[in-house]
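Here are some short exercises to work through with the structure open beside you. Try each task before reading the solution below it.

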Amino acid sequence: MKKFRVIAVICAIFTLTAVFGGCTSKSGGNDKLNAYTASFDEVAGMLKSSGAISDTESYKDINTEKGYWFDNTTNDKYAEAVFTADIARDYDGVYLIWFDIDGENVSAWSDMKLNGATLVYEGGMAVLKLDTYKGMFGLGFRNDVSEDIKTKAKEAFDKLVTSAPEKAKYMTGADELAVRLKDKGYLSAADLASENLNTQYFVEGPGSEWDEEAGDYVDVDNYKYYAEFGSEAKKYGKISIFYFNTLDKFTFSDENIDSYGAGLAYKSVLANNAVTGYVADIDWNYTPYTENGSEVSYPVDAVFGRFAVAVDDSAENKAEIVEYLKSLAE
């Protein structure tokens, strides 16, 4: 079985929890389940109550069974089983999957959202197209499932509450946090037109880049190797947001964190409370970016979830902003 690896495009090392039972529901007595906090068993039980599935104890494990993923290279079913989600079950043609927001596969959840309910394996070599997703859950169907069953499943699934808790771990990018800050009055609408800090610093050297006329990569002497301060590094007015996303080439559970600029920048903020930029050479070996003999880094005021944030000293209500940012962590 191949472990699910994602494309596209992050906090302390995630620990995989509740893989067999789902997360704990926090519906607080509300009879409607929240798509972010409900347990897998609760949502599966909801589908059973709707008549979409007959037995929650009878299923196939999509993570270990072949035949669910489509191979784009052969236009046929992918030959091997692919690890899909923390829990991924097939109830007689009704597919229900769940991602643990605190688990090591949270990047696959981000990818599902990015690709509109389609899961991607090995750069798009294989895909698994679901019908829809809400919160931490995805819903899909085998081709031969009846329209009646599909309707029952989707009507039940649509009843899930989709308001995410106001926590950093449910946010999947710098812009999402910036919008929260705007809604709180800490940023203006104009501030959302951000400045990309990942394109501020670079070194030039031999490399290859795409040539439209040649229709291929060509060797150049002045290729720009940009210093990376995170998967995203954006300045919104007087607030700079650094986001570390496992979709960006590395995860926090393998050695690749030391092989890419964003991973090394993530380690720098944990070690020094400052985000250092890392730049590659022609062999894609990363070292700290320096100017005049000093490393270029941004001291940060808050580190939480997959984020690090620097607030300018001149920002109005800086202390209040920092306290709000810290409140977004668990």
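**Exercise 1. A sheet and its helix**

In which sense do strand β5 (residues 94-98) and strand β9 (residues 137-141) pair, and over how many bridges?

*Solution.* Keep in mind that this is a predicted model. Step one: follow β5 and β9 side by side; they pair in the antiparallel sense, over five bridges. Step two: pick one rung of that ladder, where Y95 has G140 in β9 as its bridge partner. Step three: widen the view to the open sheet, whose five strands come in the order β1-β4-β5-β9-β8, with antiparallel pairing. At the edges are β1 (60-61) and β8 (132-134), each of which pairs on one side only. Step four: look for the helix that packs on this sheet. Helix α3 (residues 147-157) touches β5, β8 and β9, and its direction makes about 170° with that of β9.

**Exercise 2. One face of a helix**

Find the buried residues of helix α6 (residues 318-327), then work out why they line one face of the helix.

*Solution.* Step one: list them. The buried residues of α6 are K318, I321, V322, Y324 and L325. Step two: look down the axis of α6; its buried residues fall within an arc of 160°, so they line one face. The general rule helps here: an α-helix has 3.6 residues a turn, so residues three or four places apart point the same way. Step three: ask what lies over these residues. The cover includes α4 (174-183), β14 (239-243), β21 (302-304) and β22 (307-311).

**Exercise 3. An enclosed strand**

Take β22 from that cover and decide: is this strand largely enclosed by the rest of the structure or open?

*Solution.* Step one: count. Five of the five residues of β22 are buried, so the strand is largely enclosed by the rest of the structure. Step two: sort the side chains by direction. F307, V309 and V311 point one way, while A308 and A310 point the other way. Step three: identify partners. β14 runs antiparallel to β22 and is joined to it by five bridges, with Y243 paired to F307. β21 is also antiparallel to β22, through three bridges, and here V303 is matched with A308. Step four: inspect the turn. The hairpin of β21 and β22 has two residues between the strands, and G305 in the turn has a positive phi of about 55°.

**Exercise 4. Classifying ring pairs**

Classify the ring pairs Y78 with Y121 and F304 with F307 as stacked or edge-to-face.

*Solution.* Step one: use the plane angle, where under 30 degrees counts as stacked and over 60 as edge-to-face. Step two: apply it to Y78 and Y121. Their centres are 5.6 Å apart and their planes at 65°, so this pair is edge-to-face. Y78 is in the loop between β3 (76-77) and β4 (87-91) and Y121 in strand β6 (residues 118-121), so the pair ties together parts 43 residues apart in sequence. Step three: turn to F304 and F307. With centres 5.8 Å apart and planes at 20°, the pair is stacked. F304 is buried, at a relative accessible area of 3%, and F307 is buried at 1%.

**Exercise 5. A charge over a ring**

Which ring does K224 lie over, and which residue stands opposite K224?

*Solution.* Step one: K224 lies over the face of F202, at 4.7 Å from the ring centre. Step two: E204 stands opposite K224 in β12. Step three: place the strands. β11 (residues 202-211) and β12 (residues 216-226) run antiparallel and are joined by nine bridges.

Definitions and conventions:
Residues are numbered from 1 along each chain as its sequence is written. This is a predicted model: local features need pLDDT of at least 70, side-chain atom pairs count only at pLDDT 80 or more; totals for chains, interfaces and linings use all residues. Side-chain values use heavy atoms; hydrogens and water are left out. Two strands pair if DSSP finds at least two bridges between them. Helices (H or I, at least four residues) and strands (E, at least two) are DSSP runs, numbered from the N terminus. Contact means heavy atoms within 4.5 Å. Axes are lines fitted to C-alpha atoms, for helices over the stretch in contact, and angles run from 0 to 180 degrees between N-to-C directions. Buried means under 20% relative accessible area, exposed over 50%, partly exposed in between (1.4 Å probe, protein chains only). The arc is that of the directions from the helix axis to the C-beta atoms. Rings of Phe, Tyr and Trp (its six-membered ring) pair if their centres lie within 6.5 Å; planes under 30 degrees apart count as stacked, over 60 as edge-to-face and the rest as tilted. A charge sits over a ring if NZ of Lys or CZ of Arg is within 6 Å of the ring centre and within 35 degrees of the ring normal.
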